[in-house]
Amino acid sequence: MDDKPLEKMLHEMKDDYNKLPEYTNTKTVMHSIFARKRSKWGRLLPTVAIIAGMLLFMVVALPFINDEHQGDREAEYLKLYFQQKKETFRKELGIESVESFREVKQAERLVKQFELTSQAESFEQIKSEIDYLFTTPEQAIEQLNEAGESIGQNYDFENKMYEMEASLQAYMSKLFEKYAFTSGEQKALLEVQHNNLKYSGPSEVKSFLELLDEQGFALKPAELGSAAIIVSTDYLWLARHNERLQEMEGFERYIELVESKIEPYALGIYNERKLPWDELDTVLLAIEDLFDSYPEDREVLVEETELLSIAQLYLWEYIEAGEYAPYTLSQNAREELLNFVNNHGDSRYWEIVNTAVETYESSDWKNLGQNGSFINHVSLFFDEKFAGLQMEDIHETNTWPLLSSTAKTYLAYDEKQDVLFLEELSSLEILSLYLYAIEREEEKIVEAMSVAELDYNQSEVNAMDLAFQTGVIIRVDHANHQETYQFVRWEDNKILAEVELINEDKTWKVANVEIYD
């Protein structure tokens, strides 16, 4: 058996597996037995007894024997299938061994798991898992391109890059140990990684560098100034292999931005271009200019690149003045931030920077650790749905009730049942109280906070669930007697619901509720 080519063995085993039901079909066996001619009645009764015994055996015992044999065949098939896929995977990567890879160890566990359980329903699923594990990043990105799927929103692809990154890191460590690489020799690989023809070291290491280039990974310093190097996803490679990006008019501008201003492997104040914190605003403005210059490409840029995440990090470090601990801003830092506020009033970042400056000024320029919540909203200011958005219109929420004061307000109103009490509440407080009353099924309170003609099914509103799905509530309309709030999901800025309130008899009341799919 070992002398046969693996492909032939797999084919034969698959053939056997497919034919197995034919030979163990109970009806076929019964038909075969009863089709035999019997010429003498004297032999009929003993034969009938034998047949009856055989039938009883087939009904009771044969299914178990068949299941056991079928399970054995499937287990053997999976073993061979695993070996074939692993070898193909190794050849695609172009290295001598993949035994230490996480993908191999996970596939081995799946095969052993099936060998122990032999559950027929998991056979195809495990086969599919093995296919996924032994798909290289280069093959995976080709599959996504063929399907027209988004790389930026595909969890399986993101997970594959993460798993491969860890496998390659472990493989590289073994290479360094095997060839006793000094820290200097390790660091020297950074200079030749994208031009490995210049590398004259061990062939195994050269093959590894070629693998990184072909599969979307790169080497970078573990920390700024550190001699240690690590494997990291090459975002520039992803961009160049992403067909959706290649079709964009602004693609070349994006590549130019990444190559000239953004260091994908060492972001922020740790960037390898040694940009100080007070020059990070040049990167921020360049990202903004790219979005503004190619409005037709905004959606793809958000989905397929890390630009908004990069902008969020750079903005945080900019308004933190490059510090990460409680401190008082220096005079230079104050002037830098005030200069941005005074000279970039039309920037998407202006609201965030200005809010940070106002917070600093109110605390005598001490950093009280509030800037993190400001920069969380970068993506909202790049979303055209929220044009004209102001920081004061954003309320973060993923808690219940929406406002921490709502439970106390509810008890106070429930005790007094006085509508004058509601006059003191803002529109947001009324909205939070309204949803809280819906959740508690207090119809009288709900009615007191609704306009008379409001007509919709309250049971359609799962108030608590809506609150936890929502990342922020945005006030998008604030006229004198009308305000509208949108419930926005954090991860993709999708609007989940919209509630309109009007001021009637000095009290804010809910005038319309829309729940979106």
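## Starting at the β6/β7 hairpin

Let's begin with a residue pair: V499 has V513 in β7 as its bridge partner. That pair belongs to the antiparallel match of β6 with β7, which runs over 8 bridges. The two strands form a hairpin with 2 residues between them, and in the turn D505 shows a positive phi of about 55°. Keep in mind throughout that this is a predicted model.

## The whole chain at a glance

Stepping back, the protein chain holds 25 helices and 7 strands. Of its 517 residues, 44% count as buried. What share of the contacts between residues at least 6 apart in sequence joins residues at least 24 apart? For this chain the figure is 60%.

## The five-stranded sheet

Back to the strands. β6 and β7 are part of an open sheet of 5 strands, ordered β3-β4-β5-β6-β7 with antiparallel pairing. Which strands stand at the edges? They are β3 (394-396) and β7 (507-515); each has a single partner strand, so one side of each has no neighbour in the sheet. From one strand to the next, the twist averages 20°. As a reminder of what holds such an arrangement together, strands of a sheet pair through backbone hydrogen bonds, either parallel or antiparallel.

Starting from the β3 edge, β3 and β4 run antiparallel and are joined by 3 bridges. One residue to look at here is E396, which stands opposite V472 in β4. V472 also has a bridge partner in β5, namely V488. So if you click on V472, you can pick up E396 and V488 from one spot.

β4 (residues 470-479) and β5 (residues 482-489) pair in the antiparallel sense over 8 bridges. Another pair in this stretch is R475, standing opposite Y485 in β5. β4 and β5 form a hairpin with 2 residues between them.

## A helix on the sheet

Helix α23 (residues 427-439) packs on the sheet and touches β3, β5, β6 (495-504) and β7. The direction of α23 makes about 60° with that of β5.

S432 is a residue worth picking out in α23. Is S432 buried or exposed? With a relative accessible area of 1%, S432 is buried. Leaving out residues up to four places away in sequence, S432 touches P401, L402, L403 and T406.

## α17 against α18

Now for some helix packing. The axes of α17 (residues 331-343) and α18 (residues 350-362) come within 10 Å and cross at roughly 135°. That angle makes α17 oblique to α18. The crossing in which α17 passes α18 is left-handed.

Which residues make the contact? From α17 come L337, L338, F340 and V341, while α18 supplies W350, V353, N354, V357, Y360 and E361. Sorted by class, the contact of α17 with α18 has 8 nonpolar, 1 polar and 1 charged residues.

## α5, α8 and the end of α6

A second helix pair is α5 (residues 102-117) with α8 (residues 155-178), which pack at an angle of about 110° with their axes 8 Å apart. That makes α5 roughly perpendicular to α8. On the α5 side you'll find R102, E103 and Q106, which meet E163, M164, A166 and S167 in α8. The class tally for the contact of α5 with α8 is 2 nonpolar, 2 polar and 3 charged residues.

Two of those α5 residues turn up again around L133, which lies in helix α6 (residues 123-133). Setting aside neighbours within four places in sequence, L133 is in contact with F89, E103, Q106, A107, L110 and K160. Where does L133 sit relative to Q106? They are 27 residues apart in sequence, with a C-alpha to C-alpha distance of 8.0 Å. And L133 counts as buried, because its relative accessibility is 5%, against a cut-off of under 20%.

Conventions
Residues numbered from 1 in each chain as written. Predicted model: local features only at pLDDT ≥ 70, side-chain atom pairs only at ≥ 80, totals over all residues. Heavy atoms only, no water. Axes fitted to C-alpha atoms, helices over the stretch in contact; angles between N-to-C directions. Helix = DSSP H or I, 4+ residues; strand = E, 2+ residues; numbered from the N terminus. Parallel < 35°, antiparallel > 145°, perpendicular 65-115°, else oblique. Left-handed = near helix turned anticlockwise from the far one by under 90°. Contact = heavy atoms within 4.5 Å. Nonpolar A, V, L, I, M, F, W, Y, C, P; charged D, E, K, R; others polar. Pairing = 2+ DSSP bridges. Buried < 20%, exposed > 50% of the residue type's maximum accessible area, 1.4 Å probe, protein only.
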